[in-house]
Amino acid sequence: MSTIQIPKWHIKADYVETCNCDYGCPCNFNGFPTYGFCRALVLYHITTGSHGSTKLDGIDVVYVGSWPKAIHEGNGTMQLFVSKKTTEEQRKAVVNIFSGKAKGEGPFVLFAGTIKYTLDPQFMDIAVKIDGRKSRFSVPGVLDVQIEGFKNPVTGEEQDTKIQLPKGFIWKVADAAKSKLMHILTPNFNFDDSGKNAFFSVIEYKGP
C-alpha cells in the first residue's frame, strides 16, 4: 500500500483564546473546566506560514469548539471559519493542519481525537484587530469576540498578568485577560460567555 506524503508545514500566528471558564481556565492546571463543560472561540491570525509550496501568510482562522465535559473526555463538536480571500490550495492546507490530518505540533492532533462531530468549514470575511490584551475578532453576523486586560481594583492601573506553561502544547507563555464580548449564533452553536477567561499569545508550530 502506498502512503500519502504529508507536506512539511509551519505557522506563526497571533493567538486569541476565549472560553467559558473562570479567569485563568482551570483546564490549564487540573484538566477540568469550571462548569464541567468547555466551549471556546479561538483566533489564529497567521502572520507567516506555509504548507508545502502553499503560502499561508495573512490568513485568519477561527476555531470553534464545544465539549459536553472536559476536552479530554471527548464527544466534542468543532468548526473552522477561514478567511474568504483564500485560494483552494490554501483552504485545503488550512483544513488539513487545523483538523490534525497534517500531524505535527500544536493542539490539532490531540484535539482531533476528542471531536465526534466535525462541521463543514466556512469561508467568510473575518474582521481582526490584534492589540495584545485588547485584541478583537468577528465574523459579521455570526460571532464576535473582544478581550481586555485586568485592572487593579484600587488604582485602576492595567495589570500585566501572565501564565507560563513550559510544557504547554498550545502556548508556553500567554497574557491572561478576560472577554469583554464572546458570543456566537449559528445553527449548531449558540452561546454567550462574555466576561469569562481569555488569553493572548504568539504561537509557532510545525509538522509533520
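# Group meeting: cores, cysteines and pockets

Hi everyone, let me start with a lysine. Leaving out residues up to four places away in sequence, Lys 84 touches Arg 91, Phe 123, Met 124 and Asp 125. Before I go on, please keep in mind that this is a predicted model. Lys 84 sits in the loop that links β5 and α1. Is Lys 84 buried or exposed? Neither, in fact: its relative accessible area is 48%, so it counts as partly exposed. I also looked at Lys 84 against Thr 18, which is 66 residues away along the chain. The C-alpha atoms of those two are separated by 22 Å.

Thr 54 makes a nice companion. This residue belongs to strand β3, which covers residues 54–55. Thr 54 counts as buried because its relative accessibility is 16%, and the cut-off for buried is under 20%. Which residues does Thr 54 touch, not counting those up to four places away in sequence? The answer is Gly 49, Glu 89 and Gln 90.

Now to the interior. The largest nonpolar core holds 39 residues. Ile 11, Tyr 44, Val 61, Tyr 63, Phe 98 and Trp 171 have the most contacts inside it. Several elements supply at least two residues each to this core, among them strands β1 (9–19), β2 (38–51) and β4 (60–67), along with helices α1 (88–98) and α2 (108–112). Further along the chain, β12 (173–185) and β14 (197–207) do so as well.

Let me zoom in on Val 61. Setting aside neighbours within four places in sequence, Val 61 is in contact with Val 42, Leu 43, Tyr 44 and Ile 46, and also with Leu 80, Phe 81 and Val 82. Val 94 and Phe 98 complete that list. There is also a second, separate core of 21 residues, which includes Phe 81, Leu 119, Phe 191 and Phe 200.

On to the cysteines. How many disulfides are there? The count comes to zero. Take Cys 21: the closest cysteine sulfur, in Cys 25, is 3.9 Å from its own sulfur, so the pair is too far apart for a bond. The cut-off here is 2.5 Å. Cys 27 tells a similar story, because its sulfur lies 3.8 Å from the closest cysteine sulfur, again in Cys 25, and that is too far for a bond. As for exposure, Cys 21 is buried at a relative accessible area of 0%, while Cys 27 is partly exposed at 25%.

Cys 27 brings us to the pockets. The largest pocket has a volume of about 620 Å³, and 27 residues line it. Cys 27, Ile 71, Phe 111, Phe 169 and Ile 170 are the ones nearest its centre. At least two lining residues come from each of β1, β2, β4 and α2, and β2 has the largest share, with four. By class, the lining of this largest pocket divides into 20 nonpolar, six polar and one charged.

The second largest pocket has a volume of about 180 Å³. Its lining has 14 residues, with Met 78, Val 95, Ser 99, Lys 101 and Thr 118 nearest the centre. Here β5, α1, α2 and β6 (115–118) each give two or more residues. Which element gives the most to this second lining? That would be α2, with three residues. The classes for the second largest pocket are 11 nonpolar, two polar and one charged.

That's my tour, thanks for listening!

Conventions: Residues are numbered from 1 along each chain as its sequence is written. This is a predicted model: local features need pLDDT of at least 70, side-chain atom pairs count only at pLDDT 80 or more; totals for chains, interfaces and linings use all residues. Side-chain values use heavy atoms; hydrogens and water are left out. A nonpolar core is a set of buried Ala, Val, Leu, Ile, Met, Phe, Trp, Tyr and Cys residues joined through side-chain atoms within 4.5 Å. Buried means under 20% relative accessible area, exposed over 50%, partly exposed in between (1.4 Å probe, protein chains only). Contact means heavy atoms within 4.5 Å. On a 1 Å grid over the protein atoms alone, a cavity is a set of points where a 1.4 Å probe fits but cannot get out, and a pocket is an open set with protein on both sides within 12 Å along at least five of seven lines; lining residues have an atom within 4 Å of a point. Grid points are joined across faces, edges and corners, and a volume is the space filled by probe spheres set on the points. Ala, Val, Leu, Ile, Met, Phe, Trp, Tyr, Cys and Pro count as nonpolar, Asp, Glu, Lys and Arg as charged, and the others, Gly among them, as polar.
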